[in-house]
Amino acid sequence: MEHQTQAFPLQDGFLLLGTALVFVLLFRRLGLGATLGYLLAGAVLGPYALDLIGDPESKIGFAELGITLLLFIVGLELAPRRLWRMRHEIFGLGLLQVALCGLAVSWVIHTFAGFSIEASLALGLPLGLSSTAQVLPMLQSAGRLHTPFGERSFAILLFQDLSIIPLITIIAAMNRNPSLPAGPPGWQLALTTVLAIGGLIAAGRFVIRPLFRLIGNLGEREMFVFAALFTVIAAAALMQALGLSTALGAFVAGVMLADSPYRHELEADVEPFRSILLGLFFMSVGMMLDLSAIAQRPLFVAAMALALIVVKSGVIFGLGLLFKMNWRSALALGLLLSQGGEFGFVLFAQAADAWLVEPQAASLFGAIVTLSMVATPFLMMATRRIREIPVVAEEREGPQQDGASAIVVGYGRFGQTVAQILIAAQIEVTLIDTDIEMIDIASGFGAKVWFGDGTRIDLLRQAGAEEAELIAFCIDGDQLTEDFIHAVHAAFPQAELHARVFDRRGLLRLKDAPMTSVTREVMESAVVLARNALKSLHVSLEDIDKAETMYRSRDKERLSLQYETGDLRAARDRILTQPVRAARQAGTE
């Protein structure tokens, strides 16, 4: 019996991952996006189709951790000063969207579906929320999260997460179930939220940052992964214990670490868990799609899903125009946020518990939410030609992404010189190092150095290598290999690659690597010292230049032969071992 209990989760895992793999690959190939593939994979496996995996509610509870990790990563990308810059969009555009969309959808439900005012509000207000789990990955994959369009989208989604608290309060205030305990008043929830956020910020400053500093000094990457997951889950658990949004807690945890040196390392470590759990979340949503409810009232479900999309698109389109977006960008924003959101399932269940709607109605509107989520990728594809060019034009007019033009890996003596010259040439530079002491010293001089292993492709990607024009590896020793440079070039083909090596052996090791330049770390300084020595001996500038030219020419010949033969002893006769005049007199030249 014990063996069977252990086998079932493995069987479920096999079915979930295998089906997701097939559907996501197929839908990616068709250009329909991964989200739709996950949703339909879940629907096929769920209790309303093949019924190969039951109890989707238990799985969605675990999979919601994917949303939590997603909001944590988004928080890492939003430094507090940037969040403050977005305050008007969050509390202006976001507030208007939640209020107007929620009320408009409630009116449609009351007028055309015949529900009471209380039931219409309990169903319509949650439908005013959009799917953070669906929209943010779409923006990220399109590279538009940090554009003006993406920032407006995120501002709305963030306020939607904040609005969960008043929506819970509104549904609790309309409660008709005498056996259901009354929840805390709204002012108490608001005060609890402010105190919880303040507590998370204090914990980040006085507990989490020192913890990451300690782990960074130890150099244990596995502990970084543990600490990152601990931070996210602890913040989410605190919010859950207080009856607040777990996603909001994770977002605050990310924001409080956004300015820390560990941001890129955290993003690289958490991203794989986020991707897997978010996919599982969408599969769970697909499994909850009540196909029998749709089959009983297919016209109602389709009509309400269409009405939801039309109403929300129209309201958000109008708000976009009000906030001075061009009409094509406003239309794109409306369509992108036109679906129902994952929090709708939670609020529908609360409404059913409060006797505001029948359980069948809650299930029916859950199907409407899922159907609207399925429609979003098709809507975005169908309208691409209408909105594509103007949206690009609008984004070029606004503030551009904060990505770096250059990445310097290694901020020791060599890297500092490279970075400062690049900065002097007005190039934005992202600095990466693993030495905590060096990071602290650099911050004391006003330099921002990120903690991380710059020989990891995933960390380079998180640091902005996909947009970087140049990547300079200024690290010590023999850490660079030809295979690694080929991998970096394949991942970021637009970037010019430069590297520092110790000596000729390093040059030979990277001879076939796709490098723009490879520099021996002491050669140029030795040439400068030699020139200064000749000046002190009163050698003319012309002779000094000739001597340097001769040395460089012979050194280049040696390197060429060494590249061909792979032998460091090749072309030994090109080494200058005595003055040229003496060599000529000896008849050796």
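**Exercise 1.** Determine whether Glu542 and Lys546 are buried or exposed, and describe how their side chains interact.

Solution. Step 1: both Glu542 and Lys546 are exposed, where exposed means over 50% relative accessible area, buried under 20% and partly exposed in between, with a 1.4 Å probe and protein chains only. Step 2: their side chains form a salt bridge at 3.6 Å, N to O; the term requires a side-chain nitrogen of Lys or Arg within 4 Å of a carboxyl oxygen of Asp or Glu. Step 3: the two residues lie 4 residues apart in helix 26 (residues 541–565), so about one helical turn separates them. Helices (H or I, at least four residues) and strands (E, at least two) are DSSP runs numbered from the N terminus.

The model is predicted: local features need pLDDT of at least 70 and side-chain atom pairs count only at pLDDT 80 or more, while totals for chains, interfaces and linings use all residues. Residues are numbered from 1 along each chain as its sequence is written, and side-chain values use heavy atoms, with hydrogens and water left out.

**Exercise 2.** Trace the salt bridges of Arg456 and state the burial of each residue involved.

Solution. Step 1: Arg456 pairs with Glu265, with the closest N and O atoms 2.7 Å apart. Step 2: this pair links distant parts of the chain, 191 residues apart, with Glu265 in helix 13 (residues 263–287) and Arg456 in the loop between strand 3 and helix 22 (457–462). Step 3: Arg456 also forms a salt bridge with Asp458, where the closest N and O atoms are 2.9 Å apart. Step 4: Glu265 is buried at 4% relative accessible area, Arg456 is buried at 10%, and Asp458 is partly exposed at 28%. Step 5: the structure holds 18 salt bridges; Glu524, Arg531, Asp545, Glu548 and Arg552 are linked in a network of them.

**Exercise 3.** Give the strand order of the open sheet and explain why strand 3 and strand 6 each have one side without a neighbour.

Solution. Step 1: the order of the 6 strands is 3-2-1-4-5-6, with parallel pairing; two strands pair if DSSP finds at least two bridges between them. Step 2: strand 3 (449–451) and strand 6 (517–520) are at the edges and have a single partner strand each, so one side of each lacks a neighbour in the sheet. Step 3: from one strand to the next, the twist averages 20°. Step 4: strand 4 (residues 470–473) and strand 5 (residues 496–501) are joined by 4 bridges, and Ala472 has His498 as its bridge partner in strand 5.

**Exercise 4.** Identify the residues that touch the most other members of the largest nonpolar core.

Solution. Step 1: a nonpolar core is a set of buried Ala, Val, Leu, Ile, Met, Phe, Trp, Tyr and Cys residues joined through side-chain atoms within 4.5 Å. Step 2: the largest has 81 residues, of which Leu127, Leu136, Phe154, Phe251, Val357, Phe365 and Ile368 touch the most other members. Step 3: helix 9 (residues 148–173) gives the most to this core, with 10 residues. Step 4: a second, separate core of 44 residues includes Leu69, Phe72, Tyr411 and Ala419.

**Exercise 5.** Assess the confidence of the protein chain.

Solution. Step 1: pLDDT is the predictor's confidence in each residue, from 0 to 100. Step 2: the chain has a mean pLDDT of 82, and 88% of its residues reach 70 or more.

Conventions:
Axes are lines fitted to C-alpha atoms, for helices over the stretch in contact, and angles run from 0 to 180 degrees between N-to-C directions.
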